[in-house]
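Subject: Structure for you to look at

Hello,

Please find below the structure I promised to pass on to you. Take a little time to look it over before reading the notes that follow.

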Amino acid sequence: MKLHQVLLLSDSSSSLLPSLEKLFDSEPQIKIKFISPQKIYKTDFEESEFIILDYGYYLKNQTELKSVFNYLDKLSIFATLTNHQEMIEIIKATKVSHLFGMSGTHTLNDIKSYIVASIENKFWNSETLITAPVINKSLTSFSTSDHLDQQIETAIQTHDFSKTFEGFKLILIQILNEALTNALYNAPVDEKGNFLYRNQNRRKIITTDVKNAPTLEIVEDEEKIILSVKDYYGSLTKEIIDHYLTEGKVSDKDGGAGLGMYLILNHAHKLIINLDPGKLTEFIIVLHKFKRFFHYETLEKSYHLYQRKLS
Amino acid sequence: MNTIEMGQLTLNIEGTEDTLFVTVMGSINEDLQIEKLTHLTSPKIIFDLEQVKMINSCGIREWIRFIEFLGNTVHLEYINVPQIVIQQMNMISGLLTKNAKVTSFFAPYFIEDLDEEKQILLNSADIVNFKAPVINTNIDGTDYNLDFDAIEEQYFKFLKR
């Protein structure tokens with residue numbers, strides 16, 4: 001069995017390490033070793049399969065740690081985030097693909113799930129993310145952009161928003177409008193990889209065959225709702241994500257305004273982007289259901305980008 | 001009154017030579033066409049946004065283009081701005097331009113004793129040092145305090161522009 005080494009860089013490693021190790025008791029199929037040395041050597045970066053960096057720790061040790069960003073493919077960051085702007089600034093500055101908002105037990109469980117999914121070459125999906133009994137589930141296909149908002153309202157009508165604040169449903173519709181518009185207009189490519197509708201005026205209706213139509217799966221438990229928007233082209237790349245995810249400025253290009261991913265990131269509690277190049281792009285947006293907007297706004301946020309060839 | 005319909009968006013326009021009142025209803029999205037609004041010229045335009053349900057990314061772009069078309073010298077006011085639009089103004093720089101101000105807007109409050117939320121219309125002039133005003137209400141003869149239900153620094157960010 002291969003030994004997977006995880007390098008944890010944090011002032012709190014003495015308390016975090018035992019808790020993380022304990023979580024792996026339930027994964028006997030994975031042999032894992034956590035290290036958190038007092039002095040960091042380049043070999044620690046190279047020999048570790050995962051580097052988990054406390055952003056506060058990085059800010060105190062920037063000179064010593066600046067080369068950690070040469071290992072972006074194995075790096076994840078956790079940070080105490082009080083608002084979306086802080087999250088956006090960290091992603092923008094570091095180009096990291098995994099950022100965990102720190103909140104005690106939840107975060108450690110998420111870090112464990114991330115490590116397991118990476119080792120097993122799987123994506124996070126709604127099954128990974130659901131932590132309580134499912135109370136509702138739906139699946140809708142969108143083969144046309146015509147009356148998209150009405151289609152979205154129909155898709156969500158069986159889900160119950162009575163225990164959420166008034167604007168929650170509107171936020172959900174906003175997120176789905178952006179994600180599905182991207183899936184319908186920006187995703188489709190021809191056999192040579194040329195984008196078919198990316199530069200098209202968004203007033204022009206797109207109709208696609210059912211086989212390639214993007215889908216929306218909604219899974220709901222008592223505390224959260226998980227939206228999964230998939231397109232079956234897999235044309236989104238990390239370069240495009242790096243350009244638009246944290247920009248927040250209107251683009252003058254033809255086609256879309258260049259704000260969709262940024263708006264989704266700003267609204268989501270958890271945003272997961274799964275990329276299987278040439279096959280699939282999936283946006284998973286997790287929203288926790290709260291009666292009070294204040295609780296919704298102050299819940300920790302996280303962001304994850306997985307790039308895999310699954311087949 | 002003049003009504004302009006563009007897809008899911010409707011604008012009702014009335015007013016005088018000096019001031020136009022524009023009630024915006026529905027979704028501000030890609031259906032917004034500036035070429036249908038080129039006759040809207042006035043030194044002052046007041047937009048009532050209370051009935052705006054949503055503004056998506058294309059709508060943000062088209063609205064910014066519309067405001068740019070109107071020019072820097074026109075004085076713009078937004079009244080009755082709903083929470084979903086306030087959130088977008090706080091997220092996207094450029095949505096609230098220098099020649100525009102938000103005069104009144106809705107903010108979330110919560111009545112702990114009744115476990116109930118309320119959208120309260122606030123005047124921007126009543127926000128001092130980015131602190132939410134204290135609101136009390138009387139329901140069926142009982143007085144209640146309302147808690148401001150957002151993070152003040154974030155919710156009032158648009159007032160700093």
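Which are the buried residues of α11(A)? In this predicted model, they are G260(A), M261(A), Y262(A) and L263(A), followed by I264(A), L265(A), N266(A) and H267(A). Since 8 of the 8 residues of this helix, which covers residues 260-267 of chain A, are buried, the helix is largely enclosed by the rest of the structure.

The next point concerns how the two chains meet. Here 27 residues of chain A are in contact with 27 residues of chain B. On the side of chain A that touches chain B, at least two residues are supplied by each of α9 (168-186), α11 and α12 (293-298), and the largest share, 5 residues, comes from α9(A). By chemical character, the residues on that side of chain A divide into 9 nonpolar, 9 polar and 9 charged.

Now to chain B itself. It contains 3 helices and 10 strands, which, when read along the sequence, follow the pattern β-β-β-β-α-β-α-β-β-β-β-β-α. The C-alpha trace of chain B spans about 50 × 30 × 30 Å along its principal axes, and its radius of gyration is 17 Å, which agrees with the value near 15 Å that a compact globule of 161 residues would have. Of the 161 residues in chain B, 34% are buried. If one takes the contacts in chain B between residues at least 6 apart in sequence, 64% of them join residues at least 24 apart.

Best wishes

How values were computed. Residues numbered from 1 in each chain as written. Chains lettered and ligands numbered in written order. Predicted model: local features only at pLDDT ≥ 70, side-chain atom pairs only at ≥ 80, totals over all residues. Buried ≥ 20, exposed ≤ 12 C-beta atoms within 10 Å, placed from the backbone. Helix = DSSP H or I, 4+ residues; strand = E, 2+ residues; numbered from the N terminus. Rg over C-alpha atoms; globule rule 2.2 N^0.38 Å. Contact = placed C-beta atoms within 7 Å. Nonpolar A, V, L, I, M, F, W, Y, C, P; charged D, E, K, R; others polar.
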